Amino acid sequence: MNEAPASVAVGDFNGDGIPDLVLANRGTNNVSVLLGNGDGTFQAALNSAAGTLPTAIAVGDFNTDGNLDVAVVNEGDNTVSILFGNGDGTFQAPVNYAVGSNPTSIAFGYFLSEIPNAPCLAVVNQGDNTVSVLLGKSDGSFFVTHPYPVGSIPVSVALGDFNGDGNVDLVVANNGDATVSVLLGDGHGDFAAALSSSTGLSTSGFPLGSVAVGDFNIDGVLDLAVVNGNKVDGAVNVLLGNGDGTFLPVTSYFIRGTYPTPVSVVAGDLNGDGIHDLAVSNLNGATVSVLLGNGDGTFELPVNYSVSATAISVAEGDLNGDGNLDLVTANQDVSAVSVLLGNGDGTFQAATSYSV
């Protein structure tokens, strides 16, 4: 059976200090953990049940027991599953919370200033154009607040302080109207009405994918990178922040290759110069594109690295303990992950794939 992994994240799930991988598998309604060996290689998958059509995954210690847990968005039954970690790479039976229609993306953070260690989640609901907020307690339970309207056909959510007030805000990429929505947080679990900024693109020609957050021009204000998955000339679009939850007009960086279809993006320092870079997984191109940052909000041209087919999700972490960021992709059609070990200068070794 094709596990059809749809999302990948990095965390230490057995407490040995070595990064492991966790994937949400749409084809088998479960999550897989691949325990790391510390040298960038991984063991066979350990599987635990989730909900129906798990699509996205977030990692955190939700019940403060010292073991990493996961939250999984289940598109097929409109729920979020909380799976408490056993500390050995396996999880307890899922605890489910109802959210909106067709949830597709999730982000984990701390929204409550008065309870700084309370875990919270934000979930994008594509079917009803909303984002759901789940406010957590230290025991791992959550309270689902009322949904917040965003743009048309939201597809991705990320967190950051976009107006510099010290509170966590939400940003959502909206496929239907080619916008990003910022919902400014008050620090008490509530959010203001969405502020909309255009990505400057045709909604039919450039369907939006995931959104990543970073200070790309080192001005102390958070910026955004949004991928747009047109098969012919898909792009990474950078929106520099104004510091009030709005953004400057978009600058596009086009992905080279044959029908690349970029779908997922992460921001991190891939060459050790203290400047945010971008890594993008390309669904049809079976590649990862790396765009090195210049520190002024601009980026170098993308450099492509081959992975297994249908790279639907990308994550980053130091997987072999050498101090350099590495990349990993979830490859949906071949039930595998691809690991690209970083050389520390923004280049990467040839991908190694592991079955899920």
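What follows is a walk through a predicted model, from its largest pocket to its core and its aromatic pairs. Local features need pLDDT of at least 70 and side-chain atom pairs count only at pLDDT 80 or more, while totals for chains, interfaces and linings use all residues. Residues are numbered from 1 along each chain as its sequence is written, and side-chain values use heavy atoms, with hydrogens and water left out.

Start with the largest pocket. A pocket is an open set of points on a 1 Å grid over the protein atoms alone, where a 1.4 Å probe fits, with protein on both sides within 12 Å along at least five of seven lines. Its volume is about 1,300 Å³, counted as the space filled by probe spheres set on the points. Lining residues have an atom within 4 Å of a point. Of the 46 that line this pocket, Ser7, Ser105, Ser156, Ser210 and Ser264 are the closest to its centre. Strands are DSSP runs of E, at least two residues long, numbered from the N terminus. Among those that each supply at least two lining residues are S1, strand S5 (54-60), strand S9 (103-109) and S22.

Now take S22 (residues 262-268). Six of its seven residues are buried (under 20% relative accessible area, 1.4 Å probe, protein chains only), so the strand is largely enclosed by the rest of the structure. S22 runs antiparallel to strand S23 (residues 277-282), and six bridges join the two. Strands pair if DSSP finds at least two bridges between them. Ala267 has Leu278 of S23 as its bridge partner.

Next comes the largest nonpolar core. Such a core is a set of buried Ala, Val, Leu, Ile, Met, Phe, Trp, Tyr and Cys residues joined through side-chain atoms within 4.5 Å. This one has 17 residues, and Phe111, Val131, Val133, Leu170, Leu183 and Phe191 touch the most other members. Strands S10 (120-125), S11 (130-136) and S15 (169-174) each supply at least two of its residues.

Finally, the aromatic rings. Rings of Phe, Tyr and Trp (its six-membered ring) pair if their centres lie within 6.5 Å; planes under 30 degrees apart count as stacked, over 60 as edge-to-face and the rest as tilted. The count is 12 aromatic pairs. Phe13 and Phe91 form an edge-to-face pair, 5.9 Å centre to centre with 70° between the planes. Phe13 lies in the loop between S1 and S2 and Phe91 in the loop between S7 and S8, so the pair ties together parts that are 78 residues apart in sequence. Both Phe13 and Phe91 are buried.

Terms used. Buried means under 20% relative accessible area, exposed over 50%, partly exposed in between (1.4 Å probe, protein chains only). Helices (H or I, at least four residues) and strands (E, at least two) are DSSP runs, numbered from the N terminus.
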